[in-house]
Amino acid sequence: MHTPQLFGDILIIILASLPVAYLCLRLKLPLLVGLMLTGIAIGPYGFGLIKEIEGIEILAEIGVMLLLFTIGLEFSLKRLGEMKRLVLFGGGMQVVGTIAGAAAIGYLFGHPLNQAIFFGFLLALSSTAIVLKSYVDRNEVDSPHGRVGVGILLFQDICIVLMLLLIPLLGSGGGGERATFSAVVLQLGFSLTALIVVIALAWFLMPKILKRIAELRSPEVFILTIVFLCLGLSWVTASLGLSLALGAFIAGVVLADSEYSHQATAEILPFRDVFNSLFFVSIGMLLSLSALAANLGNVVLLVIGLMIGKGLLVWAVVRILGYPQRIAAMAALGLAQIGEFSFVLAKAARGTDLLPDVEYQAFLAASIISMIATPFLISSAPAFSFWIQSFLHDGKVRDLGNAESDDIHLTHSGGLQQHVIIVGYGLNGRNLARVLRAVGVPYTILELNADVVKRAKAKGEKINFGDATRREVLVHAGIDKAWSIVLAVSDAQAARRTVRHARHASDRIHIIVRTRYVSEISELYDLGANEVIPEEFETSIEIFSRVLHRYGISRSIIESQIDKIRQQGYEMLRSTAPGPTTMDHVNLALDESSTETIKVTDKSPVTGKSLGAINLRGTTGATVVAVLNGGGTEINPGADYIVSPGDTLVLLGTPEQIEHAADILMPPNLGNVTLGGFNP
C-alpha cells in the first residue's frame, strides 16, 4: 500500500518538533520560537525534508481558524459591542497611520506611489496567530493590553478584504490592466453586505442547531457539528472574498453567549493545539537562509525600522484612546511585527509590478524574524512598560512643567475615609461595588478603560480613570485613609506591583487580591497581601463544602475547615501529595462529627417524652439536629418537641456520643440503628 507523502511529512514535523519543543521548554524559551526554527531546519530552504508544502499550508490554515474560533468563544457579541471604539478607532488609526507612514517613506526612497502604498499594506498587518497564542499562554487576553491588541487585530483582519480588492487597482499584470475604482467599491460593498447577512444567519441558526444536536447526548456528533460550523462558516466567508480566519472568529463569537460555549472550547482545544503547531512550523519553512545571508544588512535594517516605527505608531494610537503609558507600551511591543496575512497579500501581488523578487525575499525574511522576536517582546513587555512609565513621569520628561501625570484623571478622594478601593470594574468589581453601595460602605473605583469609566460615571458610579500600579494614583484614591483595597483585575504583573505600592503606602490597609493563577499565591502574600483568592480554589471549596453538607457534616465544622484552608494560604489544595498528612486536621474534624439516624418505635423508652426531658445533649453530648416524620422535616427541633413512634431522629456527635445516645433512645438488642451520615 502506498503511503501518501503528506502523511510522511506530518510525521517528520512531529518528530522534529518534539526535541526542539522539549529543549525550548527546558530553557524557558517560547515554544512558538522552537516551532518556527523547526520549520526553517526541515523546510525546502533547510534540509528539504518536507515535500508536500501546499498540504502542510492547508493544515496550518485550519490551525489558525481553530485558534480564532476559540478566541471568538471568549468574546460575545455584547462584549464586542463594548469594544467597538477599540476596533474601529484604534484599529482604524493604526492601519491608516501605518499605510500612510510606510507609503511616505517608500516614496521618499524612490519607489512609485502605488508600490509604496502596497508596502504600507504589508506592514500594517500584525500576526493574529502569534500574538493571540502568546496572550492565551500568558493568560493576558482579558488584560487591558490584551483587549487593546485583540481590538486592533480584529480591524486588521477585516481590512484584508479591502487590501486584496485594491491590489488589482494599484498594480498591473503582464497585460498592464488595472481594476477600476468603481469595481472595487462595488465588490467591497457586496462583501460587507454579505458579511452582515452571514453574521445574522449564524446568530439565528447556530444555537438552534446545537440545541438539537445536544439533545442527542452524543459527544461524537457534538464535536463533529462544532468542527463543521467552524470550518463551514470559514468557507462561506472565504467564498465572499473575506478571510477564512474571520469566519471562524465569527462562529466563535456567535456561540459565546450560548450554553454550549464551554463544551465547544473543551472539545476544540486538542485539535487547535495540533494544527496550530503545524502553522508555526509552516511559517518557518518560508525563510530562505541563503536569501537572508545575501540581503542580511537590508533585512536587519528593515526589521529594526519596521518594529520601532510600528511600535511607536501603536503606542501613539493607544495613548490617543486614553490608555496610560504602561498599557500603550505593552500593546506596542505585542503588535510590532508583520502578520501572516501579509503573506497572503504578498502572494496575491506576485503577478503584478507591486512586489519585485528582491523586495519579496527581503520582506519574507524580515517578517519571519519579527515573528520569531514577538514572543520574547511580549514576555519582556511588563518590565519594559513599567520602566517607560517611570521614565516618562519620574525623569526629565516630567520636569518640563507637567505638574500632574496624564495617567491620573482623578478627583481627589477628599472626605473619603475608611473606604474601599476597588481596582478594576469588570464583573467582580461591579458586583462588589453594588453590594458596598447597598450596605452603605464608602468606596472608590479605579479603572483603565476610558470608555468603561465614561459610561459608569454617566450612571453615577464612583469611578475614576487611573492606573493602580502607580503610587500617585493610589495616593489620590486616599489609600492612607482606606480600610481595604480589592484587586479585581486580570493582570498578574499589575496586581503584584499594586500590592507592593499599597503595602508601602499603608501598613494597616487590608489587601485582597483575586487571581486566576495558583503560582501567584505565595508571591502576593510575600508582597503584603492579606488575602489572595484564587478562582479555581474557591470553586473547589464551594464544591467540597456542599458535598460535606450533603453528608451531614455540621455547617460550623465545614466553615471551620474552610477558614483553616484560607488561613494557610490554600496550602492543602496546592499540595500534590495524596498522602493523609495533608488532610490530618480535616480527618480529625470529621472523626469528631459523625451523623446517624435512629428511627423511634412504639417500644422505645423515649416515646411520648419531650427532647428537653430526654436531655440527650446533657447526658451524652449528641445533638438532635433534625426530626423526620410523616409531616416532613423539622430542623433544629426545640426542647418541647414530643418524640412520637415513627420519628427518625438525626443525631450529630462523635461515634462514642451517638452510640451512648442510641442506648438511651432504643430498647436493648433491637438493633435498628440506621446509618445516615458520614462516618469515617
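How much accessible surface does the chain have, and what percentage of it belongs to carbon and sulfur atoms? The accessible surface comes to about 32,100 Å², and 63% of that belongs to carbon and sulfur atoms, with areas taken from the Shrake-Rupley method using a 1.4 Å probe, and with only the protein chains shown counting as cover for residues.

Before going further, I should say that this is a predicted model, in which local features need pLDDT of at least 70 and side-chain atom pairs count only at pLDDT 80 or more, while totals for chains, interfaces and linings use all residues. Residues are numbered from 1 along each chain as its sequence is written, and side-chain values use heavy atoms, with hydrogens and water left out.

Let me start with the chain as a whole. The chain holds 29 helices and twelve strands, where helices (H or I, at least four residues) and strands (E, at least two) are DSSP runs numbered from the N terminus. Of its 680 residues, 50% count as buried, and here buried means under 20% relative accessible area, exposed means over 50%, and partly exposed lies in between, for a 1.4 Å probe and protein chains only. If we take the contacts with a separation of 6 or more, residues 24 or more positions apart account for 73% of them, a contact being heavy atoms within 4.5 Å.

Now to the interior. In soluble globular proteins, nonpolar side chains tend to be buried together. In this model the largest nonpolar core has 117 residues, and Phe-69, Phe-118 and Met-163 are those with the most contacts inside it; such a core is a set of buried Ala, Val, Leu, Ile, Met, Phe, Trp, Tyr and Cys residues joined through side-chain atoms within 4.5 Å. Helix 8, which spans residues 144-170, supplies the largest share of this core, twelve residues. Once neighbours within four places in sequence are set aside, the contacts of Phe-118 include Ile-167 and Leu-170, and also Leu-345, Ala-346, Ala-349, Leu-354 and Leu-355. There is also a second, separate core of 22 residues, with Ala-468, Ala-482, Ile-509 and Ile-511 among them.

On the outside, Leu-77, Val-197, Leu-201, Trp-203, Phe-204, Leu-205 and Ile-209 make a nonpolar surface patch of about 650 Å². For patches, residues must have over 30% relative accessible area and no salt bridge, with like charges joined within 9 Å and nonpolar side chains (Val, Leu, Ile, Met, Phe, Trp, Tyr) within 5 Å. Helix 9, residues 181-214, gives the most to this patch, with six residues. Leu-205 is found in that helix, and because its relative accessibility is 39%, Leu-205 counts as partly exposed.

Turning to charges, side chains of opposite charge can pair when their charged atoms come close. The whole structure has ten salt bridges, each defined as a side-chain nitrogen of Lys or Arg within 4 Å of a carboxyl oxygen of Asp or Glu. Which residues form a network of salt bridges with Arg-326? They are Asp-467 and Asp-491. The bridge from Arg-326 to Asp-467 has an N to O distance of 3.0 Å, and it links helix 15 (residues 325-334) with the loop between strand 4 (463-466) and helix 20 (471-476), the two residues being 141 residues apart. The bridge between Asp-491 and Arg-326 comes out at 3.4 Å, again N to O. Asp-491 lies in the loop between strand 5 (484-487) and helix 21, so its pairing with Arg-326 in helix 15 ties together parts that are 165 residues apart in sequence. Arg-326 and Asp-467 are buried, and Asp-491 is buried as well.

By contrast, Arg-503, in helix 21 (residues 492-505), is buried yet has no salt bridge, and the nearest side chain of opposite charge, that of Asp-507, is 5.6 Å away; for this purpose Lys and Arg count as positive and Asp and Glu as negative, with His and the chain ends not counted. Beyond four places in sequence, Arg-503 is in contact with Arg-508, Ile-509, Ile-511, Leu-527, Gly-528 and Asn-530.

Finally, the backbone. Most residues other than glycine have a negative phi, and most peptide bonds are trans. Arg-217, however, has a positive phi of about 55 degrees, and this residue lies in the loop between helix 9 and helix 10 (219-239), where its 77% relative accessibility makes it exposed. Asn-636 has a positive phi too, near 50 degrees; its place is the loop between strand 10 (632-635) and strand 11 (648-653), and at 57% relative accessibility Asn-636 counts as exposed.
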